[in-house]
Amino acid sequence: MDFQLSPSRAGLEQNSRLLLPVETMTTGCAPQPVNRLPAELLVEIIQIVKAARVDDHVERYSYSFKHNPHCEDSAALLVSLGSVCTLWRLAINTTPLLWRDVHVTSNSSWLELCLHRSAPIPIHVCIHSPEKLPSALVTLSQASHRIQKLIAPRTTLDTVDQLNAFLSPSMHRLTKICINGEDYAGEVRSIGGSIIAQAILPSLHTLKLDFVDLDWSLPSIRRLRVLHLRNSRPAKGHSLSLVQFLRMLETWDALEDLMLDFAFPFDTYSPTGLVRDVSGPTVSLPNIRSIWFESPPARDPSSPDLYHLLSHLVLPASAEVKIYSHVLVEHASSAEGGFVNTIPTEGLPILRTATFAEIWPLGCEIQLGGRPETNLQGVSRGLELQLIPVDRDGAHSEAWWTAAYTPARALSELCTLLGGAPLRQLQIRFLPYPRESWLELFGAFPALTELTVSELVHCGGDAPGGDEFLLDALSFTWTQPDDRLACSSTDTGTSIGTGTGASAKAARARVMLPRLRALHFSYLARGDDATLSNIAGCLRTRAAHGARVAELGLHVEGRPEDFCLDAGAGRRWRLLRVLSTLVDRLVAVAT
């Protein structure tokens, strides 16, 4: 059915009659199985479809603050489903929950229809056409007491001021406000006192702002459970010192989710920029579930504001923490701005309790209770650290690869940060590390039972690749502490047997990662038989020293038929048979 809403009130009533049959109308539907579904089950199915196509996008894009055309599909979806049959149309038109999401577009008649059919339940208002906002607010004022969420993914210069004026004491159900100010040019507007004053909006618990300033002096923001700020700065005349911000955090008893993305509300420098004060109290946030800090390039790379903020916080090990620090390439080139300069070792207990870690050249992610996909609770509990090299213009740069802050130094600093953690599972992305770095890594985490490496990097020519350095370190044995080169002198290896003379010396030889039971390689090149041969040699050495690997996983690039039938297939199958004799379980996959 072709259906277009008329802009007039008469047209609205006419369209309503088309969509909403009178109570005495019979369905006239053929007795098909779908028509025998209970009404509540049919509504539930329609609600799931609508949520997947429309509602989820509203929530997702209220987080990322990007305009999404899918949010405007609500009208087309409901009209389309209502055209299937009279029974479906009746179910849709008489279920307020299906009309809960009210999208402010250029179609004012649809706005009125949604408000009418959603009554009396709370509604979620999403503003897609800020140019129509003044007239839409007049219509919305009739249902302002029902607004539960107010989302503005698109704005004009006057949108924030209009919303400030619109909010009123009658909006006692409003719990969430999301505003993106990125689309308009000109002066950045500030969320004023009226918009979140506790006396006016007593139920507000979530505030997400992008390119919109916040008045931090308002007592009501201290009652928020969720506060996300991106590209924001303190409202004019309301900047804070570090100690003032920390004192404020002490009073946020309800705070569970905090994001400061290029939005630190404090300045540790004096107005002249010459005197710096980073003192302040230690603040415990026991109720925090999620923290996201992303900081601009530091004025002082050896002591950035991010470091000092984190050094004053005590977070629970169960919190999800994401920390992204933008570092100027010129600082990285001078060996400044690394992990130990950015992340304090105190205040983040997960640094001492993590059991899973994933490491890449300029970052890591660590978790409690194993890798995220195997977390039975379905909760991401962990810490993600990442250094983002940028140039003076803020553009991302790859110059760090050859700078003084090398991947080897980054790995060494991560070992320092995580050195006390009882890691059991470790995943490495990219392998640009020398043998000494691998030895240092394995010496720092001797209790590892599972190691996964991916995206093997070869140096080119006849130089050993990252996989060769890795396998050499896994095969490394020693009899005296001094023989462990880059490793510490602590006893982190395993020895086998007893004896006398030369045989006793060989029997006392130790190997790295004595508890390693599972070794996985991802993205091996299809013709990389040399790596398969090196893996076999490594496994033989470990088995000879009492550290047999029980499971070996190989993920080889290329089509399975090519893996089996190309010119090197015979040698490859022989290597796989050899590997299968060296472990209890071999899993080889070609994709």
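Author: Let's start with a term: a disulfide is a pair of cysteine sulfur atoms within 2.5 Å. Keep in mind as we go that this is a predicted model.

Reader: How many disulfides does a search of the whole structure find?

Author: A disulfide is a covalent bond between the sulfur atoms of two cysteines. A search through the whole structure for such pairs gives a count of 0.

Reader: Why is Cys178 not in a disulfide, and which cysteine has the closest sulfur?

Author: The cut-off for a disulfide is 2.5 Å between the sulfur atoms. For Cys178 the distance to the closest cysteine sulfur is 9.0 Å, so it is too far for a bond. That closest sulfur belongs to Cys126.

Reader: Is Cys178 buried or exposed?

Author: A residue is called buried when its relative accessible area is under 20%. Cys178 has 0% relative accessibility, so Cys178 counts as buried. Cys364 also has a relative accessible area of 0%, and the word for Cys364 too is buried.

Reader: Let's turn to charges. How many salt bridges does the structure hold?

Author: Side chains of opposite charge can pair when their charged atoms come close. In this structure, the number of salt bridges is 13.

Reader: Which residue meets Arg100 in a salt bridge, and are the two buried or exposed?

Author: A salt bridge needs a nitrogen-to-oxygen distance within 4 Å. The side chain of Arg100 satisfies this at 3.6 Å, N to O, and its partner is Asp101. As for surroundings, Arg100 and Asp101 are both buried.

Reader: Glu358 and Arg429 also meet in a salt bridge. How many residues apart are they?

Author: Their side chains come to 2.7 Å, N to O. This pair links distant parts of the chain, with Glu358 in strand S14 (residues 356–360) and Arg429 in strand S17 (residues 425–429). Along the chain, the separation is 71 residues.

Reader: Which of those two is buried, and which is partly exposed?

Author: The boundary for buried is under 20%. Arg429 has a relative accessible area of 25%, so Arg429 is partly exposed. With a relative accessible area of 14%, the buried residue is Glu358.

Reader: Which strands does the salt bridge between Glu551 and Arg585 link?

Author: The two side chains meet at 3.0 Å, N to O. They join distant parts of the chain, 34 residues apart: Glu551 lies in strand S22 and Arg585 in strand S23.

Reader: Which residues are linked with Arg276 in a network of salt bridges?

Author: Here the salt bridges form a network that includes Arg276. Its other members are Asp300 and Asp305.

Terms used: Residues numbered from 1 in each chain as written. Predicted model: local features only at pLDDT ≥ 70, side-chain atom pairs only at ≥ 80, totals over all residues. Heavy atoms only, no water. Buried < 20%, exposed > 50% of the residue type's maximum accessible area, 1.4 Å probe, protein only. Helix = DSSP H or I, 4+ residues; strand = E, 2+ residues; numbered from the N terminus.
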